[in-house]
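Student: Please take a close look at the aromatic ring pairs in this protein. I would like one connected account of their geometry and their setting.

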Amino acid sequence: MLLALCGCTAFGSAPAVLARVLPTDLTPLVVRGYGPTDSDERGLWQAFDTLEERLAASNLLVDDPILKAYVQHVTERLLGDVASDLRIYIVRNPDFNASMAPNGMMIVHTGLLARMRSEAQLAAVLGHESGHYLRRHSLQQWRSVKTRTAIMSFVSLGGAVASASTGYNWYDLANSINNALLLSIFSFSREQESEADAYGLQLLREASYPPTAAGEIWRQVIEERKASAAARNKRYHDTSRSAFSTHPPSDVRMNDLNETTAAVERVDPNGAHYDDGRTEWSAAISEVRPTLIEEQIKLNDPGASQYLLDSLAQDGWDSALRYYEGEVYRLRDEPGDAERAARAYATAVDYADVLPEAYRAHGYAQLKAGNTDEGRRALARYLELRPDAADVEMVRFSMGQ
Ligand SMILES: [Zn+2]
């Protein structure tokens, strides 16, 4: 996995000292069309095949053909032929996370995609997760799990049906099959994480993405956590620093990444021509991005949410970013926030390409402030743009007041 946020830390015996792994030490342990080689590995694959079937049948997946094709294209650019052995699932979950199963099922959370600023950053994630697959980390991890006998009986267990609308997330889906299974992809050792980091950097360089993209992601994550803590008047505490953690502490890991990046770049000091693909990424994500940002805003973690908006806005503010800025204030609801939200909504409807929901928010804010005409005009515009919205009747009623 890319980052442990799920708290399964007291697992396995993690070495206290982390040795940095250089990409030159690594070769792939699987080739295209690889399949399990013994009964241990077959059992592990079967378990994940079952999980994958249930996930594919759930309503937790983002089904956007443009985004899916784009992610597949980036994976092919990174991995070549082997990419056809991987299946990438974009799962609705606001956590910043991604994980890799041994059978080729890769899970990327919407919360991760919401935070990516370029194709190179996405490639850094895909490269890291592919590193776990190509180095067969799950199998190593699986063989070290003491409770592994338990997994063999997973098939007989009934599973809860995962559904976004009923509040289940895919962790529950995996849990319903077997706890040990979930742990085997969520608890790679520190060395394995370092290997995956190094492998990912190598893949980035070979595909002409700037290897610095990986370190950027970590910087963003650390800064966001600090912003989240500061907004709650808490001191930032790097929880992965615990002795029980199987994941390298974030700042240590970021420094390792940056040093390995420097080593990777020295390999090819003259010929390197990198393109971070910022424009391509913006185009691919634009359709679904508002819903991904909304998942984060609804967590009502104002520090983290505002950090995310400011981070994305470095590439330019737009209607959706301003609208969600207003939503952060509305949900926080401290003195002065209603006025701040109203200002953000007013700015949001000033863009050429307006998010329809911005008109609704602006309309209500103006009605509340006593600007009846302006409020009604904005709500009418919302209804024009979203004639099938679930709240059409309620909005009409508000306009008539
Ligand atoms: Zn990982």
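**Aromatic pairs in a predicted model**

Tutor: Because this is a predicted model, the values below are computed from its coordinates and carry that caveat. As a frame for the close look, the protein has 18 helices and 3 strands, and of its 401 residues 53% count as buried. Among contacts between residues at least 6 apart in sequence, 70% join residues at least 24 apart.

Turning to the rings themselves, a pair of aromatic rings is described by the distance of the centres and the angle of the planes. The count for this protein comes to 4 aromatic pairs. One of them is formed by Y70 and W281, whose ring centres are 6.0 Å apart and whose planes meet at 40°, so this pair is classed as tilted, the class between the limits of 30 and 60 degrees. Since Y70 belongs to helix α2 (residues 65–79) and W281 to helix α11 (residues 278–285), the pair ties together parts that lie 211 residues apart in sequence. As for their surroundings, Y70 and W281 are both buried.

Another tilted pair is made by Y323 and Y345, with 5.9 Å from centre to centre and 35° between the planes. Here Y323 sits in helix α14 (residues 319–332) and Y345 in helix α15 (residues 337–348), and the pair links distant parts of the chain, 22 residues apart. Y323 is buried, and Y345 is buried as well. This pair does not stand by itself, for ring pairs link Y323, Y324 and Y345 into a cluster.

Aromatic rings in this model also have charged side chains placed over them, which is a separate kind of arrangement from the ring pairs. R77, which falls within the residue range of helix α2, lies over the face of Y209 at 3.9 Å from the ring centre. Likewise, R322, which falls within the range of helix α14, lies over the face of W317, at 3.6 Å from the ring centre.

To put the two described pairs side by side, Y70 with W281 is tilted at 40°, and Y323 with Y345 is tilted at 35°; the former ties together parts 211 residues apart, while the latter links parts 22 residues apart.

Note on methods:
Residues numbered from 1 in each chain as written. Predicted model: local features only at pLDDT ≥ 70, side-chain atom pairs only at ≥ 80, totals over all residues. Heavy atoms only, no water. Helix = DSSP H or I, 4+ residues; strand = E, 2+ residues; numbered from the N terminus. Buried < 20%, exposed > 50% of the residue type's maximum accessible area, 1.4 Å probe, protein only. Contact = heavy atoms within 4.5 Å. Phe/Tyr/Trp six-rings, centres within 6.5 Å; stacked < 30°, edge-to-face > 60°. Lys NZ or Arg CZ within 6 Å of the ring centre and 35° of its normal.
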